[in-house]
Every structure is written in C-alpha cells, then in structure tokens.
Amino acid sequence: MNSMNHPGKMPPRTEQGGEDSPAASCGCGAGSSAASRAVIGLGAPTTEFMAKPLRIGGARPFQWAPVARSASIIIGPLVTLDLSHLVDGTDVTVLAQPGARIIAGQGRPFLGTGQTMATVKTGQALRIMRIGPAVILQPVTRGDLAYGSADVLTHDVRFVCGGQSNMSLMEDRGGWGGFSSAVARGLSGSRNMSVHFVNGATGGTPLDLRSAGPGAGPHWWDAGAGQPGPALETFLEKLAEALRDGQDIPMRCFWTQGESDSMALHNRRIATDDYVETILAVWDHIWERHPELEIFANLIGGTDYLVAERGTNAVRAAYLRAIAQRPRARQGIEMYDLPRDWQDVHYQYGGYAMAGGRMAAHLLNFDHGADNALGPQVTGASLQPDGKSVLLQIDWGGSPVCPPQQAVLADRRPYGIYLLPPGADPADDPIDAVDARFEGGNLLLRSRHDLAGCRVGGPYGCCTEARRGHVLHDLTVNNFNGDRGLPLRSFLTDIA
C-alpha cells in the first residue's frame, strides 16, 4: 500500500457467518440472548477527586470506577454495585439504601465471609476497602446485611487490553471509566451498555526480545526462536480466562505498545522491517487462537526521551505498516496531545480518561454503526509544480476546518509533519521543511529540496511540536477530546 492511513470513520465489517452489522452478531440489543442479558454501567471516569458524593439510582447494576483515595457514593434501593476493578489501596464510604446489592467481583468473596455478594436489608453506612487481593466490606453504622452468592454478570461490551504501561495504567488511572462514561452517555451511538474488560497489558515490556536491556520487563516475542515471550503468554492466559464465561458476544482488543522498543530501533539493533514482522508475528499468534478478535492499535504518544527520537518515529511507522497488512487490525486513537508531566511517558489522570473516551468512539463506530469523529485524516499528498512543495489533502470528518492561528508557520516540521527522502527508513533523519500554510482545508508544505519520490508523514518522533502547542486538530470539542478537539491522525504516505 502506498498510504498507511485509514479513513477517519470506520464502517462495520462483516463477521464470518454473520450479517452486515457486527451489532447483530454480538447480541447487543438483538436476539434472545440480549433479552436475558443483565447490564452493568460505569457511571463516571473516576471518583477519585470528586468533591461531592456520587449518587447512583435505578435498577441497572453499576460498576464502580477504580479509586485509590477517599471517595463516597450514595446508592439507591435497586442498585447493584460491582467492585470488580477497585484499585489496591481503596478506602471509601458508601451510604446504601435497603435492597441495594454489593458484589465483590471477579468471583472473590468479601474477606471473612466466604460470600461474594451482600444485600442491604436496612439503610446503613458501609466502608469498602481493597488491600492486596482482599475486598473488605465493613459496616460503619448498625444495620442488617445478608450475604450470599452473586449472580453471574453478563455484558454488552467486552475487550482485552494489550501492550505495555500506557495501556495497563488505563485501569488504575480512570481510563476505562472514561471509556464506560463515553459509552453510557457521551458519544453518538452510545447507550447504557455494560462494559467488561480484561487487563492483559504488562508495563515496561518490549515487543521484541532484541529490544530488551538491563531491567527490561518480559518480552512479547523472541524473533530468533520464533516463539512467544512471557508477556504474550500472560496476555493469552488473561484472554482465555475472560472467554471461559461462555458469553456470546465478540471480544475486542485495544493495543498500545512500542515505547520500550524505540531505543533498539534508534540504534539499529532492530531494523524497521524486522520490527514490522515482529508486530505481525505477535498478532498472528493471537489470531491463531482467537481468529475473530479485532485489534485496535493505538499509536504511541509523545515523550521527552529525545535520544530515541528516530526510533520512536520508526515504531509509529511500523505499526501503521502492520495495521495496513492485516484485515483485523485497525488504526486506533492518537495519544500525542494528551496531558502529561515533563519527562514522563505516562499521562495525567485526565489524559487516560480522554483516551478511554476516544477508544469508545472507535468501538461504537465499528460495532454499533455510530458516526463519531476520529480526528482529521490525511487522504493524499500531491507534489506541486515547483517540485519542492506538497499539498496534503485533509479529511476533516465533517468538522469545520480549524487552521491554527499562524497563517504561515515557519518550522522544519510544521505541526509535526515530516518528509522522508526517497528510499529512506522512518528511523533515518527527515528532510527539513521551510514552512506550511493552509489552502482551504488542505495544508501546503514547502521545502528547499526536490520532493519527487519522497514520503510525508506525521507526527514525527517524540512529538515535540505538540509539546509546543503545534497540533492540527478539529473542533469536536467534548469531555473526551479535550479543549482543542481531536488531533490529526498518524500517517505516512507517498508523495504522488
């Protein structure tokens, strides 16, 4: 493929043996299985920093967002509170009305009871704690709790997380709360659906064993032996565990990985072509066991680790190539504009919630026929008559064009967009641009060099331009896109 970019909105694909809409095959809202399905909704990105108690009512079971500091919640008489994803160290207070049910989650009992569910018989205040693997339910005021076995909870949306820390931390830092909140009420095509996820990601893990240095986490693939590494085995164990419950809807995978491989690509211990093969080897190994799994591969964000900038660029380009080569791999979200602290590759809490909301937009588009914007997308790159300029055609996805304040931006990589000479690898140094300006909704990029046979892509490497506020973005401003809308989607394409 000449272009490694995907459309800004993803039409549903036909499942094997299914109908045109994956929603029909997943049992969400159609068929006898949907009629009997219990639902669980996660109502807020995180309760960690709330100034007031969170009030929950109605009969729909409610999966509490992960918390690690003091918070409080008021639950009505019909509420089922699912504690499956409480963070270790949680210590919170609940005011529960008669009839409310509290489930420890993940099949575990409340400490000291041997039972997995507590039903509130008389209104009372309760303290909920998680210490290590134990979930503790402690009455604060007098009342009557009836312990018993929890029902098996079924779900409308299911996914597994793959990759390294920026995916693993989605659970602890409000990311999947942002996802569930967006699914519940924040995006086109959303509905109050239950959300179930499995954390198969492992922090600090290089995809390729050749990237592993001192202190590196477990790898995903040993290219020399052609065998999976411990991180991949862990992922498969988590996925198999989730699928053993017999639910009839397909599993999706959100994948974010690559930071731990960037130095190896920068130093040429691994060639970009070889890294693409490692990505495909990992995914193919997963698909051998789970051929219906759809993988949404998110592109790694920015970093201040500039000594690996060319390698970081090669990682992003390699994933674009891998996505283009497999029909069940899809380009996921962008993360390079998310808020993060200096010298930290991880994001602030709000950043993970925003990332979760963006992932929800992708899933709703794919599985439920929604039309959520996914960000501006470069659809073509035309060499201009002077031979030293290229016009990028940009699909803004129905959003009004939002050119930055600078009418002309003089920069060697305007808005993080870079130029590669003919035959160059993404880990090679790019050609400097001179400036860029908008022509309608398209962007004209000028260079002093002959651009015939070159490629153009973005964002480049560690995304330092985004750090300076030079981000092309649309105007789809909401709680999940941040205060500037969605950023330009990653791309690398030939100049034609």
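**Burial, ring pairs and helix packing in the predicted model**

Y418 is buried, its relative accessible area being 3% (buried is under 20% relative accessible area, exposed over 50% and partly exposed in between, with a 1.4 Å probe and protein chains only). The structure is a predicted model, in which local features need pLDDT of at least 70 and side-chain atom pairs count only at pLDDT 80 or more, while totals for chains, interfaces and linings use all residues. Residues are numbered from 1 along each chain as its sequence is written, and side-chain values use heavy atoms, with hydrogens and water left out.

The protein has 496 residues, of which 58% count as buried. Its secondary structure comprises ten helices and 25 strands (DSSP runs numbered from the N terminus: H or I of at least four residues for helices, E of at least two for strands). Among contacts with a separation of 6 or more, 67% come from residues 24 or more positions apart (a contact means heavy atoms within 4.5 Å).

Aromatic rings give a good view of how separate parts of the chain come together. A search of the whole structure yields 21 aromatic pairs (Phe, Tyr and Trp rings, the six-membered one for Trp, with centres within 6.5 Å; planes under 30 degrees apart are stacked, over 60 edge-to-face and the rest tilted). F179 and F254 form an edge-to-face pair, because their ring planes stand at 70 degrees, with the centres 5.9 Å apart. The two residues of this pair are 75 positions apart and belong to distant parts of the chain, F179 to helix α4 (residues 175-186) and F254 to strand β15 (residues 252-256). Both F179 and F254 are buried.

The rings of Y418 and Y460 are likewise paired: their centres lie 5.2 Å apart and their planes meet at 65 degrees, so this pair is edge-to-face. Here, too, distant parts of the chain are linked, since 42 residues separate Y418 in strand β21 (residues 418-420) from Y460 in the loop between β24 (455-458) and α10 (464-467). Y460 counts as buried because its relative accessibility is 2%. P459 sits in the loop between β24 and α10, and a cis peptide bond joins it to G458, with omega at about -5 degrees.

Which residues do ring pairs link into a cluster? The members are F159, W176, F179, F197, F254, F296 and F366.

Helix packing can be followed in α7 (residues 272-289) and α8 (residues 309-325), whose axes are 9 Å apart and enclose an angle of about 50 degrees (axes are lines fitted to C-alpha atoms, for helices over the stretch in contact, with angles from 0 to 180 degrees between N-to-C directions). That angle makes α7 oblique to α8 (under 35 degrees is roughly parallel, over 145 roughly antiparallel, 65 to 115 roughly perpendicular and the rest oblique). On the α7 side, the contact is made by T272, D273, Y275, V276, I279, L280 and W283, and on the α8 side by A314, V315, A318, Y319, R321, A322, I323 and Q325. By class, eleven residues of this contact are nonpolar, two polar and two charged (Ala, Val, Leu, Ile, Met, Phe, Trp, Tyr, Cys and Pro are nonpolar, Asp, Glu, Lys and Arg charged, and the others, including Gly, polar).

L445, in strand β23 (residues 442-447), counts as buried because its relative accessibility is 1%. Leaving aside residues up to four places away in sequence, L445 touches K388, S389, V390, P414, I417, L419, A433, D435, A436 and V456. Its C-alpha atom is 9.2 Å from that of R413, which is 32 residues away along the chain.

H346 is found in the loop between β17 (329-334) and α9 (349-368). With residues up to four places away in sequence not counted, H346 touches S165, N166, L169, R173, R340, D341 and Y352. The C-alpha atoms of H346 and M167 are separated by 9.8 Å, although their positions lie 179 residues apart along the chain.

Finally, two residues other than glycine have positive phi values. Phi is near 60 degrees for Q106, which lies in the loop between β6 (101-103) and β7 (117-120); Q106 counts as exposed at 55% relative accessibility. R268 has a phi of about 65 degrees and is located in the loop between α6 (262-266) and α7. Its relative accessible area of 44% makes R268 partly exposed.
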